[in-house]
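Please look over the sequence and the model shown here, with attention to how helices pack and where individual residues sit. The report below is meant to be read alongside them.

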Amino acid sequence: MNYSSYVLPNGLRIVHLPTDSSVSYCGYAVNAGTRDEEPEEFGLAHFVEHMLFKGTRKRKSWHILNRMENVGGELDAYTTKEETFVYSIFMEEHYNRAFELLTDLVFNSQFPMPEIEKEVDVILDEINSYQDSPSELIYDEFENYLFNGHSLGHNILGDTDSLLSFTPEFGRSFMRRFYVPENMVFFSMGRKPLSKIIKLAESALLTQTFSPLHRQRQAPDFFSSFSRRENKETHQTHVLIGGKAYHMHDDRRIPLFLLNNIIGGPGMNNRLNVSLREKNGLVYTVESGITNYTDTGLVSIYFGTDPKNVAKARSLVYKELKRLREVRLTETQLHAAQKQLIGQLSVAGDNKEGVFLGLGKSILHYNRYDTLTESIAKIEKITTSQLLEVANDVFAEENLSTLIYE
């Protein structure tokens with residue numbers, strides 16, 4: 001699958017991945033998220049994403065809701081610490097309809113006050129439901145402690161005080177600063193020729209004027225390890241162990257990705273699952289993950305267990321991390337780990353929506369998109385020496401922090 005790309009004179013990057021499917025995908029990826037908020041804007045990036053669907057200069061929320069739904073399509077969006085995605089999935093014949101709607105949403109939203117008041121209540125309910133899910137909440141609180149007040153640690157949803165202070169101008173100001181073509185990618189997948197997509201974009205956007213982008217991101221200057229216990233009155237004890245990892249432009253993230261798959265990836269044969277669950281029956285869920293931001297990253301290991309088993313489960317986690325640091329994989333083990341990861345990537349590549357979103361994110365941050373073949377080649381180049389070096393760098397016990405909900 002070879003993608004094609006084009007850059008408009010206003011800086012908007014357009015990328016298209018051709019397919020033979022009668023179902024098409026398109027959307028805007030915005031290089032703005034929670035970390036771009038000012039102190040008084042806590043939660044604003046996510047709030048703006050919600051409000052995109054609540055009214056533009058020519059549409060009310062009801063018209064937005066029905067525009068794609070009436071032809072069997074879907075309209076969706078999400079916000080992360082560093083980006084916002086707004087996209088649609090639809091039958092090919094409705095491509096122009098989807099493009100026009102999405103362009104209207106990301107460039108012409110108006111933030112009507114009655115809709116703001118309703119949506120604040122919706123997000124407050126979302127926050128409350130999140131508080132009832134300690135296995136999810138612990139990740140956000142861990143990042144907040146790890147980044148020690150930096151905006152990367154902020155909860156994406158915001159808090160009650162900030163949400164209740166938002167006015168239409170808050171939303172419009174955020175969009176003027178970040179929802180500008182030079183800070184966005186329009187990404188697409190389907191039968192539509194790139195030449196026709198370019199014409200749509202030129203017609204819609206080249207007559208508009210936009211403010212120049214002024215970004216002031218600063219990398220966090222942390223890290224100091226911590227150990228915290230918090231009483232959440234939960235039946236299970238929830239534990240998260242983690243620390244600093246690599247940013248998304250560091251080549252070491254690739255061997256770390258493989259290490260993560262070995263230690264606690266999605267396979268049931270990962271080392272932590274075998275040790276804590278299969279051999280000792282201490283947990284139902286144990287998993288590890290890597291988060292790569294543009295200028296930093298983190299690694300996390302989570303498990304939930306009966307309070308009486310916490311000490312033993314933690315001990316087993318650290319035992320596996322020590323083995324990862326001190327025992328070099330054999331070539332046979334390395335080959336097996338590479339084969340498993342390549343298989344997982346190949347299966348994931350059959351998920352068209354996942355491929356589509358991966359295309360947008362990759363162009364947004366790297367200005368390129370690796371094919372499955374290219375990704376496999378990078379994995380196959382990983383050596384046992386690299387894995388050992390990365391394991392000792394990232395999983396050194398003195399650099400790891402712990403958050404426990406009990």
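What follows describes a predicted model, going from helices to single residues.

## Two covered helices

Helix 1, which spans residues 44–51, is mostly covered, with eight of its eight residues buried. These buried residues are Leu44, Ala45, His46, Phe47, Val48, Glu49, His50 and Met51. They pack against two strands, strand 4 (74–79) and strand 5 (84–91), as well as against helix 4, helix 6 and helix 7 (168–178).

Helix 3, made up of residues 95–108, has 14 residues and reaches 19 Å from its first C-alpha to its last, which is close to the 20 Å expected at 1.5 Å a residue. Because 11 of its 14 residues are buried, helix 3 is largely enclosed by the rest of the structure. Among the buried residues are the aromatic side chains of Tyr95, Phe99 and Phe107, together with Asp104 and Asn108.

## Helix 9 and its two partners

Helix 9 (residues 253–264) and helix 12 (residues 331–348) have axes that come within 10 Å and cross at roughly 95 degrees. Helix 9 is therefore roughly perpendicular to helix 12. From helix 9, the residues Phe257, Leu258, Asn261 and Ile262 take part, and they meet Leu334, Ala337, Gln338, Gln340, Leu341, Gln344 and Leu345 of helix 12. Sorted by character, the residues of this contact between helix 9 and helix 12 comprise seven nonpolar, four polar and no charged.

Helix 9 also packs with helix 15 (residues 384–394), at an angle of about 80 degrees and with the two axes 9 Å apart. Helix 9 and helix 15 are therefore roughly perpendicular to each other as well. Here Pro255, Leu256, Leu258 and Leu259 come from helix 9, whereas Gln386, Leu387, Val390, Ala391 and Val394 come from helix 15. The residues of this contact of helix 9 with helix 15 divide into eight nonpolar, one polar and no charged. Leu258 of helix 9 takes part in the contact with helix 12 and also in the contact with helix 15.

## Histidine 16 and leucine 205

Which residue has a side chain joined to that of histidine 16 by a polar contact of 2.8 Å? The partner is serine 188, whose side chain forms this contact with the side chain of histidine 16. Histidine 16 belongs to strand 2 (residues 13–18), and at 4% relative accessibility it counts as buried. If neighbours within four places in sequence are left aside, the contacts of histidine 16 are Tyr3, Ser4, Ser188, Met189, Gly190, Lys192, Leu194 and Ile197.

Leucine 205 is found in helix 8 (residues 194–205) and is buried, with a relative accessible area of 0%. Although leucine 205 and leucine 12 are 193 residues apart along the chain, their C-alpha atoms are separated by 9.2 Å. Leucine 12 is also listed among the residues that leucine 205 touches, together with Asn10, Tyr28, Thr103, Phe107 and Phe210, when residues up to four places away in sequence are not counted. Two of these partners, Thr103 and Phe107, are buried residues of helix 3.

## Loop residues

Most residues other than glycine have a negative phi. Against that background, phenylalanine 111 has a positive phi, near 60 degrees, and asparagine 148 likewise has a positive phi, near 50 degrees. Phenylalanine 111 is in the loop between helix 3 and helix 4 (113–131), whereas asparagine 148 lies in the loop between helix 5 (134–147) and helix 6 (160–165). A further loop residue, glutamate 40, is placed between strand 3 (23–30) and helix 1 (44–51).

The table sets out how accessible these loop residues are.

| Residue | Relative accessibility | Class |
|---|---|---|
| Phenylalanine 111 | 1% | buried |
| Asparagine 148 | 61% | exposed |
| Glutamate 40 | 48% | partly exposed |

Glutamate 40 touches Phe166 and Phe170, not counting residues up to four places away in sequence. Glutamate 40 and isoleucine 290 are 250 residues apart in sequence, and their C-alpha atoms are 29 Å apart in space.

Technical notes:
Residues are numbered from 1 along each chain as its sequence is written. This is a predicted model: local features need pLDDT of at least 70, side-chain atom pairs count only at pLDDT 80 or more; totals for chains, interfaces and linings use all residues. Side-chain values use heavy atoms; hydrogens and water are left out. Axes are lines fitted to C-alpha atoms, for helices over the stretch in contact, and angles run from 0 to 180 degrees between N-to-C directions. Helices (H or I, at least four residues) and strands (E, at least two) are DSSP runs, numbered from the N terminus. Angles under 35 degrees count as roughly parallel, over 145 as roughly antiparallel, 65 to 115 as roughly perpendicular and the rest as oblique. Contact means heavy atoms within 4.5 Å. Ala, Val, Leu, Ile, Met, Phe, Trp, Tyr, Cys and Pro count as nonpolar, Asp, Glu, Lys and Arg as charged, and the others, Gly among them, as polar. Buried means under 20% relative accessible area, exposed over 50%, partly exposed in between (1.4 Å probe, protein chains only). A polar contact is a pair of N or O atoms within 3.5 Å; within protein, one must be able to donate a hydrogen and the other to accept it, and residues adjacent in sequence count only if both atoms are side-chain atoms. The expected span of a helix is 1.5 Å times one less than its number of residues.
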